[in-house]
Amino acid sequence: MTQTNEQATFAGFEPGAELSDEQIELKSRELLAQLTLDEKLAMMDGDSPFWAGLAEMMGGGYGAHPWNAGVISRLGIPGIRFVDGPRGVVMDGATTFPVSMARGAAWDVALEERIGDVIGRELRALGGTLFGGVCINLLRHPAWGRAQETYGEDPYHVGEMGAALTRGVQRHAMACAKHYALNSMENARFKVDVTISPRALHEVYLPHFKRVVDEGVAAVMSAYNGVNGEWCGQNEVLLTDILKEQWGFAGYVLTDFIFGMRDAKKAVLAGQDLEMPFQMHYHQHLKHLVESGEVPLERIDDAVHRLLRQQLRMVRPGTYDAEQVGSESHRALAREAAEKSVVLLQNAGDLLPLQDVQTIAVIGRLADTPNTGDDGSSNTRPAYVVTPLEGVQAALKSQAEVLHDDGSDLEHARATAQAADAVLLVVGYDHKDEGEFLDPATMQNLAFLFPAPTPEEMPIVQGFMQGLAGQPDEGFLSGGDRDRLTLHPEDEALIQAIAAVNPQTVVAVMGGSGVIMEAWRERVPAILMLWYPGMEGGHALADILLGRVNPSGKLPLAIPQRAQDLPVFDKDATEIEYDLWHGYRKLERDGSTPAFPFGFGLSYTSYRYANLTLDQNQVGPSETLSVSLDVSNTGAHAGEEVVQLYVSPIGSAVEQAPKELRAFTRVALQPGETKSVQLSLPASRLAYYDEAKAGFVVEPLEYELFVGAHSLDQHALKARFVVRGD
Ligand code: BGC
C-alpha cells in the first residue's frame with residue numbers, strides 16, 4: 001500500500017496563502033500542461049491496486065487512513081485523500097457527533113456549520129483532504145437502512161443542512177455530497193433502477209443536491225443504483241446534462257466505492273471524473289480508450305482540470321494539529337448537538353423535567369450500550385461513548401440512587417422499576433437493525449466487476465476468498481433496511497410491563513428515523529426521540545431529563561400511525577417508481593393523520609407567535625417576500641424554538657402538496673422574552689417543475705403562508721400574498 005498521510009501541500013504556495021479565482025485558474029492550467037497522460041489518468045482513479053486495497057479495506061482497514069487518489073508528488077499535487085463521515089471523521093479518536101438525522105432534528109444551520117468546521121479541522125489533522133460525509137439523499141421511507149446518514153424527508157430542509165455542513169468543512173478541505181441520486185434504499189442499492197418523472201426528480205429528489213452545488217461543494221459522489229434505466233455512475237443525464245451543464249457544477253464527480261462503475265467508456269463519456277477507491281476500470285481501459293480516439297483527450301483534461309481546481313481552491317496548506325482531534329471543545333460541540341437534537345414527543349402531566357427523584361431506574365437493552373449508529377462506512381472510532389446510564393449517573397452523582405437493569409428478564413425489570421420513583425427506559429435499534437449493508441452473496445454477484453488478478457496478486461486473492469467464506473451469512477455489514485417500523489416485540493413488551501408498574505416512565509427511543517409507536521405510546525407519559533446521539537449523548541439525555549437543558553429538537557420527518565400510510569417500500573426491488581409523494585406531503589394529501597407531524601417537538605416552556613407581517617402582499621416571481629413576526633417565551637424555562645414557515649398555493653394548475661416547508665429559523669428566548677423573527681421567502685422557492693418547459697415555473701397565483709411550530713400547528717399564524725406574473 002502506498003497510502004501516506006503527510007500534510008498535503010502544493011508546491012509553490014506559501015502556507016495560508018489565499019488564492020484568487022484567477023490564480024486558481026492559472027495554476028490549474030499550468031499544472032495540467034505539465035502532467036503527462038499517465039499522470040492525468042492516475043489522477044482519475046484511486047492510488048491503491050485493486051486486490052491489495054480490497055483485502056485491506058475488507059480486512060477492517062477502512063478507518064485506518066485516508067483513501068488516496070491522484071497524489072502526484074512530482075508536482076506537489078496533494079490528491080484526493082478521502083475520509084468518510086457523516087457522524088464525524090471515521091478515523092481513530094475523531095469526535096463522534098449525533099448522526100445527521102439527529103442534527104436534522106436540531107434544525108440549526110449555524111450549529112451544522114460549526115460541526116462542519118470541526119470535521120474539516122479533524123479531517124486535515126488526520127491527513128484527509130476530502131470529507132465524504134455530506135449525505136443528502138432524501139428520506140423517502142423510514143425503513144431505509146441508511147436514513148440516519150441524511151437529515152430528513154424535506155428537500156428544502158435537507159438542502160439547508162447539507163449546505164451548512166459543506167460551508168463548515170470547506171473552510172479546511174473539500175466536501176463530497178452523496179449519493180447522487182435517488183439512493184434511498186439500501187439492500188437493493190446495487191441492483192435497483194428507479195424510474196422517475198422529470199418533475200419528481202427536479203422538484204423532490206434533486207433540489208437539495210442543487211442547493212449544495214450552489215454552496216460550492218467540491219465533489220459529488222454518484223450513487224450505485226440506476227435512474228431511468230442507466231446506472232448513476234455512468235448516467236449522462238444526471239452527471240453532465242443536469243449537474244455540470246444545467247447547474248454549472250465546477251467540481252468533480254467520483255464513483256461510490258468499488259461497485260460504482262460498470263463501464264469505463266460509458267462512465268467517462270457520461271462525465272464521471274474519478275473512480276474510487278482502487279485501480280479498476282479506468283486503470284484497465286482509459287489509456288486505450290484515449291489512444292484509440294474513443295474518448296477525446298478534452299474529456300480527460302476536463303476531469304483533471306476539475307480535480308486540480310478544487311484541490312487548489314480548498315486544500316490550502318495550514319496547521320492542523322493532531323491534538324485538535326477529539327479535543328475538549330470538539331466534544332463539547334458534540335454534546336451541544338445532542339442536546340439540540342433530542343425531540344420531546346410526549347410529556348403528559350409535565351412529567352419531565354423530573355423533580356425530586358430519589359431513585360431512578362435506567363432500564364433496557366440499550367441503556368448501557370454504546371450506540372452511535374451503524375457499522376458501515378459512516379462508523380466512527382471515538383475515544384469513548386457516554387451511554388444513557390453513564391449520563392444519568394454522572395448527572396446525579398450522589399443526589400439520587402441510580403438502578404440499572406438491562407431488561408432481559410421482564411420480572412426482574414418490573415421489580416427494578418417498582419423500586420424507583422421514575423424510570424428511564426431506553427429502547428430502539430442498533431447497527432444490527434439498520435445501516436449500511438453488504439453481504440458475501442452481493443459481493444460474489446458483483447465480482448464480475450473486479451479486475452483479473454496478476455500472478456503476484458493470487459495469494460492476496462486466495463486470502464481474501466478464504467476470509468469471504470468465513471464471513472457469517474448476515475454479511476460484513478449487517479444492518480440494511482429495517483424489517484419493521486415498530487420497535488422489537490421485546491422492547492414493546494418491556495414498555496408495557498414497566499409502564500404498568502411505574503407511572504413515571506420515560507421512554508427514550510434510539511434509531512435513525514421514525515418509529516411507529518401506536519402499540520404503546522398512550523401507555524406512557526413521556527417519550528423522547530434520542531436518535532443515535534453521538535459520543536456525548538448520555539450526558540445530553542440526562543441534562544434533558546433533569547431540566548438542565550430544555551429540549552428543542554423537532555422531527556425532520558413525519559411519524560405515521562400506520563405503515564400503510566407510507567409509500568411502497570420493497571427492500572429487494574429491482575425496479576421502483578418514485579413519484580411526488582412521500583413524508584408529510586403525502587400524509588397531508590391523503591388525509592392521514594400522523595402520530596407526530598413533521599416539524600413537531602415539545603419544550604418545557606411555551607411559546608406564543610404574534611404580529612405576523614409581510615413587507616408586501618404582492619411579489620414578482622424573482623422577488624423576495626420578507627416575513628416577520630414576534631415570538632415570545634411565555635413559560636418559565638429558557639428555551640429555543642424552531643419557527644417554521646409553510647406555503648400552500650391556492651388553485652394551482654398542477655397537482656401540488658397541500659403545504660410545504662419554505663423557510664425556518666431557530667430562536668433562543670429567556671422566560672418572558674419576545675423577539676422579532678425575520679424569514680425571507682424568495683418567490684422562486686415556490687416554483688414547480690414544468691415538464692413541458694423543462695424548467696421551474698413560479699405560478700402567478702395567490703398563496704397562503706403559515707408560520708408555526710410544526711407542519712400541522714393549529715395555532716399557526718396565516719397570511720395571504722400574491723405572486724404576480726412576469
Ligand atoms: C457507501 C458510501 C461510502 C463509500 C466509501 C459506499 O459503500 O455507499 O457512502 O462513502 O462506501 O466507504
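This section describes the pairing of strand 4 and the nonpolar cores in a predicted model.

Strand 4, spanning residues 130–135, is mostly covered, with 6 of its 6 residues classed as buried. On one side of the pairing scheme, strand 4 is joined to strand 3 (residues 80–83) by 2 bridges, and these two strands run parallel. Within this pairing, Phe82 of strand 3 has Leu130 of strand 4 as its bridge partner. Strand 4 also pairs with strand 5 (residues 174–180), again in the parallel sense, over 4 bridges. Here Phe131 stands opposite Ala175 of strand 5. Between strand 4 and strand 5 the chain passes through helix 6 (residues 155–169), and the resulting β-α-β crossover is right-handed.

In soluble globular proteins, nonpolar side chains tend to be buried together. In the present model, the largest nonpolar core comprises 134 residues. The members that touch the most other members of this core are Met44, Phe82, Tyr180, Leu254, Ile258 and Phe259. Helix 12 (residues 297–314) gives the most to this core, contributing 7 residues. Phe82, the bridge partner of Leu130, is thus also listed among the core residues that touch the most other members.

The surroundings of Phe259 can be described in further detail. When residues up to four places away in sequence are not counted, Phe259 touches Phe190, Tyr224, Leu438, Met443, Leu446, Leu449 and Phe450. A second core, separate from the largest one, consists of 42 residues. Among its members are Ala558, Leu587, Leu614 and Phe721.

Technical notes:
Residues numbered from 1 in each chain as written. Predicted model: local features only at pLDDT ≥ 70, side-chain atom pairs only at ≥ 80, totals over all residues. Heavy atoms only, no water. Buried < 20%, exposed > 50% of the residue type's maximum accessible area, 1.4 Å probe, protein only. Pairing = 2+ DSSP bridges. Right-handed = clockwise from strand over helix to strand, strands pointing away. Core = buried A, V, L, I, M, F, W, Y, C linked by side-chain atoms within 4.5 Å. Contact = heavy atoms within 4.5 Å.
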